[in-house]
Amino acid sequence: MKLTNYLRKNRIRANAFAKMVHVSPATVGRWMYDEKMPFKIETFRRIAAATNGHVTANDWVDASADNSRWVVLAQEE
């Protein structure tokens with residue numbers, strides 16, 4: 001699920017989510033509008049934890065785009 005959809009569906013503001021994952025509200029805004037994506041594994045983990053697994057690292061990769069520069073992170077067992 002895209003982060004924007006998750007936040008809207010659950011009525012969570014970007015600034016509240018930013019506090020949950022320990023980043024700035026501006027960073028969350030950039031993620032929401034696909035200007036940037038997280039680049040630290042720990043950030044992906046915090047996002048997944050804060051969204052109860054609804055938004056994962058794999059959700060940042062668009063299957064229709066050329067994603068040769070992105071690394072898809074597998075879930076830990």
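**Briefing: a predicted four-helix chain**

Among contacts in the chain between residues at least 6 apart in sequence, 46% join residues at least 24 apart. The model described here is predicted. Four helices and zero strands are found in the chain, and the order of elements from the N terminus is α-α-α-α. The points below proceed from the whole chain to its helices and then to individual residues.

**The chain as a whole**

- The chain has 77 residues, of which 30% are buried.
- About 5,600 Å² of the chain is exposed, and carbon and sulfur atoms supply 50% of that area.

**Helix α2**

- The buried residues in α2 are Phe 17, Ala 18 and Val 21.
- Viewed down the axis of α2, these buried residues fall within an arc of 105°, so they line one face of the helix.
- A general rule helps in reading such patterns: an α-helix has 3.6 residues a turn, so residues three or four places apart point the same way.
- The cover over the buried residues of α2 includes α1, α3 and α4.
- Immediately after α2 comes His 22, which has a positive phi of about 65°.

**Helix α3**

- Helix α3 spans residues 25–32, and its buried residues are Val 28, Trp 31 and Met 32.
- Seen along the axis of α3, the buried residues lie within an arc of 100°, so they line one face of this helix.
- These residues pack against three helices: α1 (3–9), α2 (14–21) and α4 (41–50).
- Asp 34, which follows α3, has a positive phi, near 55°.

**How α2 and α3 meet**

- The axes of α2 and α3 are 8 Å apart, and the two helices pack at an angle of about 110°.
- Angles of 65 to 115 degrees count as roughly perpendicular, so α2 is roughly perpendicular to α3.
- On the α2 side, the contact is made by Ala 14, Asn 15, Phe 17, Ala 18 and Val 21.
- On the α3 side, the contact is made by Pro 25, Val 28, Trp 31 and Met 32.
- The buried residues Phe 17, Ala 18 and Val 21 of α2 are thus named among the residues that make this contact.

**Helix α4**

- Thr 43, Phe 44, Ile 47 and Ala 50 are the buried residues in α4.
- They cover an arc of only 130° around the axis, which puts them on the same side of α4.
- The helices against which the buried residues of α4 pack are α1, α2 and α3.
- Asn 52, just after α4, takes a positive phi of about 55°.

**Two buried residues of α4**

- Thr 43 is located in helix α4, and its relative accessible area is 8%.
- Buried means under 20% relative accessible area, so Thr 43, at 8%, is buried.
- Apart from neighbours within four places in sequence, Thr 43 is in contact with Trp 31 and Pro 38.
- Ala 50 also belongs to helix α4 and is buried, with a relative accessible area of 16%.
- With neighbours within four places in sequence left aside, Ala 50 is in contact with Tyr 6, Phe 17, Met 20 and Val 21.
- Ala 50 and Met 20 are 30 residues apart in sequence, while their C-alpha atoms are 6.6 Å apart in space.

**Thr 4 and its polar partner**

- Thr 4 is placed in helix α1.
- With a relative accessibility of 9%, Thr 4 counts as buried.
- A polar atom of the Thr 4 side chain lies 2.7 Å from the backbone oxygen of Met 32.
- Met 32 is itself one of the buried residues of helix α3.

**Ile 12, between α1 and α2**

- Ile 12 is situated in the loop between α1 and α2.
- Its relative accessible area is 22%, and Ile 12 is therefore partly exposed.
- Not counting residues up to four places away in sequence, Ile 12 touches Tyr 6, Leu 7 and Phe 17.
- Phe 17, one of the residues touched by Ile 12, is among the buried residues of α2.

Conventions. Residues numbered from 1 in each chain as written. Predicted model: local features only at pLDDT ≥ 70, side-chain atom pairs only at ≥ 80, totals over all residues. Heavy atoms only, no water. Buried < 20%, exposed > 50% of the residue type's maximum accessible area, 1.4 Å probe, protein only. Arc of directions from axis to C-beta. Contact = heavy atoms within 4.5 Å. Polar contact = N/O pair within 3.5 Å; in protein donor to acceptor, adjacent residues only side chain to side chain. Areas by Shrake-Rupley, 256 points an atom, 1.4 Å probe, with all protein chains shown as cover. Axes fitted to C-alpha atoms, helices over the stretch in contact; angles between N-to-C directions. Parallel < 35°, antiparallel > 145°, perpendicular 65-115°, else oblique.
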